[in-house]
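Hello,

Here is the structure you were waiting for. Have a look at it first, and then read on for what turned up.

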Amino acid sequence: MLYREAGQFKTSYEADQQIFPIAQDRIGILLLIGVFALVVPMIASEYWLKAIITPVLIFSLAALGLNILTGYAGQLSLGSAAFMAVGAFGAYNFILRIDGMPFILALILGGVCAALVGILFGLPSLRIKGFYLAVATLAAQFFIVWVLVKVEWFSNYSSSGVITAQDIVILGYTFASPESKYLLTLAIVVVMALLAKNMVRSTTGRMWMAVRDMDVAAEVIGIRLMRTKLLAFAVSSFYCGVAGALYAYAYIGTVEPEGFNLDLSFKILFMIIIGGVGSIMGSFLGAAFIVLLPIFLDNFVPVVLGDLVSASFVSNLQLIVFGGLIIFFLIVEPHGLARLWQIGKEKLRLWPFPH
Amino acid sequence: MTFFFEVLIGGLLSGVLYALVALGFVLIFKASGVFNFAQGAMVFFAALTFVGFLEVLPGWTGLEAGGQAVFWLAFLLALASMIVLGICTEKFVLRPLVNQPPITLFMATIGLTFLVEGIAQGIWGASVRGLDLGIEDVPVEWLLDKFNILVSTFDVFAAVAAGVLVTVLALFFQYTRIGRALRAVADDHQAALSIGIPLKHIWAIVWGVAGFVALVAGMIWGARNGVQFALTYTALKALPVLILGGFTSVPGAIVGGLIIGASEKLAEVYVGPFVGGGIESWFPYMLALGFLLVRPEGLFGEKHIDRV
């Protein structure tokens with residue numbers, strides 16, 4: 001009843017080509033953004049803003065990056081955390097070395113650095129694919145972290161290799177409170193998500209999907225494989241890089257290269273598997289799920305099972321639940337949470353008459 | 001020069017251990033086309049189960065702790081656990097995912113990695129344990145006297161064990177009915193099915209054999225460095241080995257292991273000091289990557305032909 005597109009006529013090309021062609025979707029997204037921009041900062045406690053919602057947004061951005069590469073262009077990557085590290089250290093150095101560097105520009109330049117590194121490590125994808133490529137991205141993962149640890153210039157010769165993010169200053173205003181950092185993150189994430197949504201339904205996105213589905217066939221119909229694959233690596237790494245910079249500046253403040261380890265890469269991979277491979281929406285759902293699940297387990301398992309279980313059991317339970325869920329999702333719903341959302345929408349369209 | 005040979009031999013011997021882990025990968029990839037990321041977790045699980053049984057068996061059965069009987073009983077029980085694990089994997093993970101793209105199966109084995117790690121630590125605890133196989137870690141006197149080269153007895157033992165294991169596996173594949181069936185499945189699933197080879201059982205057997213290999217690898221690694229979570233990282237070392245040797249080749253795993261082991265130690269010793277050290281973490285990957293660019297199918301891999 002509420003979710004029905006009957007009667008919405010498209011009378012111009014512009015109307016037909018909007019990002020959200022159904023009016024209810026448009027209103028829904030605007031409402032969602034409105035709630036997150038206005039209502040959430042008012043009602044959420046500082047802990048929720050700082051430790052849950054902001055990281056969810058940042059990880060969504062990283063998952064979005066990986067989703068572009070893996071979900072849309074079909075190139076498996078296990079090195080997303082390394083590209084986040086490049087973005088974080090890149091932005092840090094731009095702000096440090098160049099006087100009067102605007103924060104947003106530093107963020108973008110950090111992303112560009114990550115994109116360049118991404119292209120470099122994407123080069124092997126022209127010769128190899130699948131598992132072989134996964135190993136190539138593992139090389140990126142270990143190599144980049146090693147370089148950031150060993151070349152002390154990157155961490156400004158700090159003795160421990162840890163960098164402390166500078167204050168975020170935009171147009172003279174310092175983003176210091178959790179609310180302001182959250183709102184800044186939200187704004188960047190919303191803009192980049194809309195860009196991604198647009199990109200994947202454009203020629204570029206279709207080329208990526210053609211390469212994903214069958215690269216030889218794509219080449220035969222005239223898609224330039226090299227350009228398409230490297231572009232996917234560049235865009236994906238750019239997103240991961242910006243996410244990494246936000247991770248450093250808006251979330252934890254002090255970062256070390258080893259923080260961007262293989263576990264983090266796996267976490268981001270899990271986000272897109274659970275959220276939905278090849279779906280913008282899925283990146284957000286997956287990130288929220290992966291961030292919230294450990295918190296849920298930490299808080300509720302001791303309550304339910306009482307003193308029977310130790311802390312180490314809870315952490316093992318986390319591993320088991322994570323692993324089990326991955327397998328469960330791959331078997332039962334390979335398209336992840338995003339697919340469930342889509343099914344729900346289709347049901348709503350038909351409701352109350354299911355035929 | 002002596003020092004060079006010492007490093008080289010040390011590297012080759014640790015390469016043998018990488019090869020052992022890589023062997024488990026190859027077995028499973030050959031027979032089912034699954035890239036089993038969980039092999040490292042299986043090594044950890046096997047070693048932990050073995051050590052765990054060594055600890056609890058004397059209490060349960062009244063056998064003398066540290067004796068032969070306990071050792072072999074623990075070995076059999078650990079092997080049985082690995083076979084059960086293999087069968088469960090086949091039943092609950094692989095079979096529902098039949099016909100999915102290989103990447104999906106790969107991601108499922110990443111999930112399996114977490115599951116197995118969690119279960120292993122959930123049952124046996126997360127503390128680091130020592131494992132004594134009764135072989136001393138002393139230099140081989142003969143080599144020390146004659147060439148002045150330090151080589152640990154333990155490493156030699158590990159190499160011999162690996163050699164025996166590979167020989168046994170090769171004979172098993174070559175001369176037994178099951179071995180023949182395994183090779184048939186490896187060549188072509190559908191053709192093997194159509195002549196009446198039970199695919200289900202074959203997969204269960206392959207995972208069982210991979211479990212056995214993981215157990216041997218886990219015992220040797222565990223005796224060397226203690227049974228601890230770090231064992232799971234052996235899987236990460238085995239990946240460049242696989243790349244170098246080719247995913248489908250048993251000799252490839254061995255040769256690849258030796259090359260990776262030797263080159264990483266040599267690089268660490270001779271190149272490391274110039275760039276700040278610690279290059280062991282990424283050098284094997286870069287080596288494998290460079291090699292891939294020249295020969296994408298690895299040393300002994302099968303050439304892949306694309307068709308639309």
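Gly246(B) comes straight after helix α10 of chain B, and its phi is positive, near 95 degrees. Helices here are DSSP runs of H or I with at least four residues, numbered from the N terminus. Before going further, please keep in mind that this is a predicted model, in which local features need pLDDT of at least 70 and side-chain atom pairs count only at pLDDT 80 or more, while totals for chains, interfaces and linings use all residues. Residues are numbered from 1 along each chain as its sequence is written, chains are lettered from A and ligands numbered from 1 in the order in which they are written, and side-chain values use heavy atoms, with hydrogens and water left out.

Back to α10(B), which covers residues 234–245. Its 12 residues should span 16 Å at 1.5 Å a residue, and the end C-alpha atoms are 17 Å apart, so the two values agree. (The expected span is 1.5 Å times one less than the number of residues.) How many of its residues are buried? The count is 12 of 12, so to speak a mostly covered helix. Buried means under 20% relative accessible area, exposed means over 50%, and partly exposed is in between, using a 1.4 Å probe and protein chains only. Among the buried residues of α10(B) are Lys237(B), Leu239(B), Pro240(B) and Leu242(B).Leu239(B) also appears in the largest nonpolar core, which has 207 residues; Leu239(B), Phe35(B), Phe260(A) and Leu269(A) touch the most other members. A nonpolar core is a set of buried Ala, Val, Leu, Ile, Met, Phe, Trp, Tyr and Cys residues joined through side-chain atoms within 4.5 Å. Helix α9 of chain B (residues 199–225) gives this core its largest share, 16 residues. Apart from this core lies another, of five residues, including Met207(A), Ala218(A), Ile223(A) and Leu225(A). In soluble globular proteins, nonpolar side chains tend to be buried together.

Leaving aside residues up to four places away in sequence, Phe35(B) touches Phe131(A) from chain A, and its contacts in chain B include Phe25(B), Phe106(B), Thr109(B), Leu239(B) and Leu242(B). Contact means heavy atoms within 4.5 Å.

Now for the interface. Chain B puts 47 residues into the contact and chain A puts in 38 residues. Between them the two chains bury about 3,800 Å², with 83% of it on carbon and sulfur atoms. Buried area is the accessible area (1.4 Å probe) that two parts lose on being put together, summed over both. Across this interface the rule finds zero salt bridges. A salt bridge is a side-chain nitrogen of Lys or Arg within 4 Å of a carboxyl oxygen of Asp or Glu.

Over all chains, the count comes to seven salt bridges. Here are some of them:

- Arg212(A) pairs with Asp213(A), with the closest N and O atoms 3.1 Å apart. Arg212(A) is partly exposed at 32%, whereas Asp213(A) is exposed at 57%.
- Glu90(B) pairs with Arg95(B), with the closest N and O atoms 2.9 Å apart. Glu90(B) is buried at 3%, and Arg95(B) is partly exposed at 32%.
- Lys265(B) and Glu264(B) meet through their side chains at 3.3 Å, N to O. Lys265(B) counts as partly exposed because its relative accessibility is 24%, while Glu264(B) is buried at 0%. Shared partners join Lys237(B), Glu264(B) and Lys265(B) into one network of salt bridges.

Next to Glu264(B) in the numbering is Ser263(B), which lies in helix α11 of chain B (residues 250–270). Ser263(B) is buried, with a relative accessible area of 16%. Setting aside residues up to four places away in sequence, Ser263(B) touches Phe283(B) and Leu287(B).

Helix α11 also turns up around helix α6 of chain B: what covers the buried residues of α6(B) includes α1 (2–32), α7 (177–187), α9 and α11 of chain B. Those buried residues include Phe154(B), Asp155(B), Leu165(B), Val166(B) and Phe173(B). Helix α6 (residues 153–175) has 23 residues and reaches 33 Å from its first C-alpha to its last, close to the 33 Å expected at 1.5 Å a residue.

Finally, the cysteines. How many disulfides does a search of the whole structure find? The search finds zero over all chains, a disulfide being a pair of cysteine sulfur atoms within 2.5 Å. For Cys240(A), the nearest cysteine sulfur is that of Cys113(A), 14 Å away. Cys240(A) counts as buried because its relative accessibility is 1%, whereas Cys88(B), at 33%, counts as partly exposed.

Best wishes

Note on methods:
Helix = DSSP H or I, 4+ residues; strand = E, 2+ residues; numbered from the N terminus. Expected span 1.5 Å × (residues − 1).
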